[in-house]
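Biologist: I would like to take a close look at one spot in this protein and the parts around it. Could you walk me through it slowly, as you would for someone in their first year?

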Amino acid sequence: MEKRDWPLFVYGGLSSCIAELSTFPIDTTKTRLQVQGQKLDGQYNKIKYRGMVDAFCQIYKQEGFLSLYSGISPALIRQCTYGSIKFGTYYTLKKTTNEYLEVTEDVTVNFGCAVCAGIISASIANPTDVLKVRLQALGRNKIENLVNCNVFKCFHYIYVHEGLRGLWKGVGPTSQRAATIAAVELPVYDYCKHKLMAIFGNHIFNHLISSLIASFGSAVASNPIDVIRTRLMNQKHNKNTAGVQQHNYKGSIDCFLKTVKYEGISALYKGFVPTFVRMGPWNIIFFVIYERLKTI
């Protein structure tokens with residue numbers, strides 16, 4: 001990596017953290033919607049929320065505003081790693097490959113670079129994603145009773161009770177989701193931005209339109225994987241429990257099959273509205289800030 005490329009990693013992490021802070025309550029409603037209605041221990045989990053707005057209002061009224069930010073600490077730690085590595089790796093790989101092949105904005109090249117960046121970054125940051133999902137699902141009141149809301153104690157709690165496997169639970173679908181999002185989001189954004197240059201130039205309107213189109217595509221492509229990922233991460237496994245260990249899902253395929261069997265194919269798109277509602281503003285905030293930082 002050339003010396004001038006390192007700011008791409010810093011800009012990626014900084015922009016990701018700002019976007020995460022701005023849209024995190026929507027992500028919390030998405031997580032709550034995705035984990036409800038599961039068949040656990042032979043019984044269906046209660047359907048508590050009717051949709052994104054209802055989930056937001058109920059969490060706010062029953063648990064308080066801060067509960068909408070349950071899991072924000074590991075989320076920011078995740079963006080410092082995942083966001084930095086994902087966007088920094090993508091743009092560095094793309095630049096190097098384009099120069100080597102002497103091409104400009106080649107879709108195949110961008111797709112390959114995005115997949116690599118998504119898998120690498122998601123695999124490294126998986127423990128922070130596991131903790132974020134669990135804290136969002138629990139809510140602030142239960143978190144405080146469990147581990148006094150200290151993020152490092154939370155990591156230690158999972159490690160003691162579930163081992164390293166607990167911290168990397170769901171890493172398969174997490175990597176698949178990250179690869180899918182990156183493979184759609186980044187090349188589509190770059191393609192749209194390149195095509196709209198003739199109309200808007202390198203202007204904020206270009207970044208807004210390109211990021212919205214990229215957000216919709218990535219939301220449609222990634223939501224089924226995100227549902228599976230969320231359910232696997234929220235699934236607890238106590239290695240110290242005596243007797244036979246109880247697993248709700250044995251893995252990604254088992255989770256997929258059981259979700260479709262017991263809840264229907266539409267269950268794979270639970271939380272789609274908050275997913276897109278969050279992805280849109282998230283990507284707009286990210287890309288606008290990222291593009292501005294690159295001009296420094």
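Modeller: Happily! Let's start at G271, which is in contact with K30, L33, Q34 and N223, leaving aside its neighbours within four places in sequence; contact here means heavy atoms within 4.5 Å. Before we go on, please keep in mind that this is a predicted model, in which local features need pLDDT of at least 70 and side-chain atom pairs count only at pLDDT 80 or more, while totals for chains, interfaces and linings use all residues. Residues are numbered from 1 along each chain as its sequence is written, and side-chain values use heavy atoms, with hydrogens and water left out.

Where does G271 sit? Its place is in the loop between α9 (252-263) and α10. Helices (H or I, at least four residues) and strands (E, at least two) are DSSP runs, numbered from the N terminus. G271 is buried, with a relative accessible area of 9%; buried means under 20% relative accessible area, exposed over 50% and partly exposed in between, using a 1.4 Å probe and protein chains only.

Now follow one of its contacts, Q34, which is found in helix α1. Q34 has a relative accessible area of 0%, so it counts as buried. Apart from its neighbours within four places in sequence, Q34 is in contact with N223, D226, V227, T230, R231, K270, G271 and T275. Notice that N223 is on the contact list of G271 and on that of Q34. Helix α8 covers residues 204-234, so you can find N223 there by its number.

Stay in α1 and step to R32, which is found in that helix too. Is R32 buried or exposed? It is buried, with a relative accessible area of 5%. G271 and R32 are 239 residues apart in sequence, yet their C-alpha atoms are 8.3 Å apart in space. The contacts of R32, with neighbours within four places left aside, are Y49, I59, E63, S67, Q136, A137, L138 and G139. That is a nice example of how a chain brings distant stretches together, and the whole protein has its own number for this: residues 24 or more positions apart account for 78% of the contacts with a separation of 6 or more.

Let's look at the helices α1 and α10 from another side, through a cavity. A search of the whole structure finds one cavity of 30 Å³ or more, and the largest cavity has a volume of about 270 Å³. Of the 19 residues that line the largest cavity, the closest to its centre are R78, R177, I181, R278 and M279. A cavity is a set of points on a 1 Å grid over the protein atoms alone where a 1.4 Å probe fits but cannot get out, and lining residues have an atom within 4 Å of a point. Grid points are joined across faces, edges and corners, and a volume is the space filled by probe spheres set on the points.

Which helices supply the lining? α1 (6-35), α3 (72-101), α4 (107-138), α7 (171-200) and α10 (272-294) each give at least two residues. α10 gives the most, with six residues. The lining divides into five nonpolar, three polar and eleven charged residues. Here Ala, Val, Leu, Ile, Met, Phe, Trp, Tyr, Cys and Pro count as nonpolar, Asp, Glu, Lys and Arg as charged, and the others, Gly among them, as polar.

One of those helices, α4, also holds L131. At 2% relative accessibility, L131 counts as buried. Not counting neighbours within four places in sequence, L131 is in contact with P74, V151, C154, F155 and I158. Among these, C154 is itself buried, with a relative accessible area of 3%.

For contrast, look at E102, in the loop between α3 and α4. At 73% relative accessibility, E102 counts as exposed. E102 has a positive phi of about 60° although it is not a glycine. Most residues other than glycine have a negative phi.

Finally, step back to the whole protein. Its secondary structure comes to ten helices and two strands, running α-β-β-α-α-α-α-α-α-α-α-α from the N terminus on. Of its 296 residues, 51% count as buried, and G271, where we began, is buried too.

Definitions and conventions
On a 1 Å grid over the protein atoms alone, a cavity is a set of points where a 1.4 Å probe fits but cannot get out, and a pocket is an open set with protein on both sides within 12 Å along at least five of seven lines; lining residues have an atom within 4 Å of a point.
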